[in-house]
Amino acid sequence: MVGSRADSGSTDLGTELVAHLRRPDRFGGTAEVGTTVRRCLADIAEVLAPEPAAPAAAPPAVVNAAVRWAREGVALETVLTACHECARDALEFLAERIAAAALRAEAMADGARLLVRAVEVVSTAAAAAYLDEHRVVAREHQTSAQTMVAALLSGHGVAALAKRSGLRVAPAYQVVALALPPHAEERAGGPEAVSAARRKLRRVQAALGTPLGSRSLSLLRADGGTVLIPLETDRSGPGGPTAAGLMSAEVLQLVAEAAEVRPMATVAAGTTAEVPELAGRTHDVLDRLRTSGHPPGLYRITDDATAEQDDAVADALRVHRLPRPVAAPGPRARPGTPGAA
């Protein structure tokens with residue numbers, strides 16, 4: 001190893017490698033990233049020089065810098081590219097030094113081994129710091145989004161929360177009440193039931209993310225909840241509300257496949273000020289539909305439907321099930337596969 005054989009020139013070469021890495025950054029791209037990565041490589045190489053295979057702590061400098069870069073939107077690829085550019089330059093230095101000094105092959109092998117180990121420690125630390133920071137950011141966004149849903153559903157404090165969180169409030173929303181039956185693993189009971197419910201919920205949230213877009217807001221539990229999908233004014237068209245993605249029978253089909261259950265949902269649309277009323281109406285109708293034994297699927301509440309119905313059963317003329325019912329997913333149904341009504 002570097003520093004273990006004086007006659008091989010490994011000790012001197014390891015020292016020279018560290019000195020080379022401490023030279024000012026000579027790479028293009030993001031200079032601050034390259035300079036920091038190069039300095040961290042030098043620090044960790046100096047620590048590892050006596051024994052490259054020994055455990056080494058992640059350099060605090062690269063961890064702190066990686067957290068900052070992640071927050072600032074610097075791509076992880078930029079950091080890892082800088083790390084490997086430093087490594088390529090250092091390998092060229094080692095090759096030139098070996099040739100110029102006529103050192104034995106063991107010195108080159110030891111120097112390369114030291115360099116590879118240093119790159120491993122630095123790149124792993126940077127990647128781990130990025131992932132940790134992105135998890136923190138995701139949790140912060142999720143908390144802000146859930147708080148915004150609560151504000152929209154209550155009708156209070158929406159403007160102040162939007163200003164504080166940076167979340168944009170749309171002029172109108174599609175309001176979805178969603179019911180998720182228990183998965184077979186949940187019905188089995190036991191200690192795994194809670195974990196099964198959480199896994200189902202994560203799958204549902206992931207399934208909703210792609211078709212509905214990042215601006216959709218949801219307040220969901222394992223048995224369902226509320227989804228708010230922003231509707232924007234289309235300035236290029238006649239002025240009607242539009243959205244990148246809306247709750248549809250196809251989207252509910254994706255939810256069914258992800259959850260491995262047959263969900264039921266009711267949907268209505270209106271202005272932001274109407275969201276509390278619409279949420280109450282959609283959940284009221286959803287409860288009526290489930291109680292009366294209507295089949296799973298997506299039901300649209302028309303403008304003439306009201307929550308104040310004397311009937312315990314929702315009026316079929318006012319609550320319309322969309323034409324593509326959701327299929328039972330087990331065995332898993334494919335998107336677009338018709339199911340039993």
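Start by selecting Ala172, Gln174, Val176 and Leu178 on one face of strand β1, then Tyr173, Val175, Ala177 and Ala179 on the other: both faces are covered, and every one of these residues is buried. Keep in mind that you are looking at a predicted model.

Now colour the whole of β1, residues 172–179. How many of its eight residues are buried? Eight of the eight are, so the strand is largely enclosed by the rest of the structure. "Buried" here means that under 20% of a residue's relative area is accessible.

**Next stop: the partner strand**

Select residues 264–271, which make up strand β5. β1 and β5 run antiparallel, and eight bridges join them. Want one pair to look at? Click on Ala172 in β1, then on Thr271, its bridge partner in β5.

**Over to a covered helix**

Leave β1 and β5 on screen and add helix α9, residues 249–259. Is this helix mostly covered or mostly open? It's mostly covered, with nine of its eleven residues buried. You can pick those out: Ala249, Val251, Leu252, Gln253, Val255, Ala256, Glu257, Ala258 and Ala259.

What covers them? Your two strands, β1 and β5, both take part, and so do α8 (192–212) and β6 (297–301). Show these four together with α9 and you can see what lies against its buried residues.

Before moving on, step just past the end of α9 to Glu260. The phi angle of Glu260 is positive, near 60°.

**A pair of helices**

Now hide all that and select α2 (residues 31–48) along with α3 (residues 60–72). Two packed helices are described by the angle between their axes and the distance between the axes. For α2 and α3, the angle is about 160° and the axes are 9 Å apart. That angle makes the two helices roughly antiparallel, because anything over 145 degrees counts that way. Their crossing is left-handed.

To see where they touch, show side chains for Glu32, Val33, Thr36, Val37 and Cys40 on α2, and for Ala61, Val62, Ala65, Arg68 and Trp69 on α3. Sort this contact between α2 and α3 by residue type and you get seven nonpolar, one polar and two charged.

**Last stop: Ser154**

Finally, find helix α5, residues 105–154, and go to Ser154. Is Ser154 buried, partly exposed or exposed? Its relative accessibility is 37%, so it counts as partly exposed.

Now select Val275 as well. Ser154 and Val275 are 121 residues apart in sequence, but from C-alpha to C-alpha they are 8.3 Å apart in space.

Notes
Residues numbered from 1 in each chain as written. Predicted model: local features only at pLDDT ≥ 70, side-chain atom pairs only at ≥ 80, totals over all residues. Heavy atoms only, no water. Buried < 20%, exposed > 50% of the residue type's maximum accessible area, 1.4 Å probe, protein only. Pairing = 2+ DSSP bridges. Axes fitted to C-alpha atoms, helices over the stretch in contact; angles between N-to-C directions. Parallel < 35°, antiparallel > 145°, perpendicular 65-115°, else oblique. Left-handed = near helix turned anticlockwise from the far one by under 90°. Contact = heavy atoms within 4.5 Å. Nonpolar A, V, L, I, M, F, W, Y, C, P; charged D, E, K, R; others polar.
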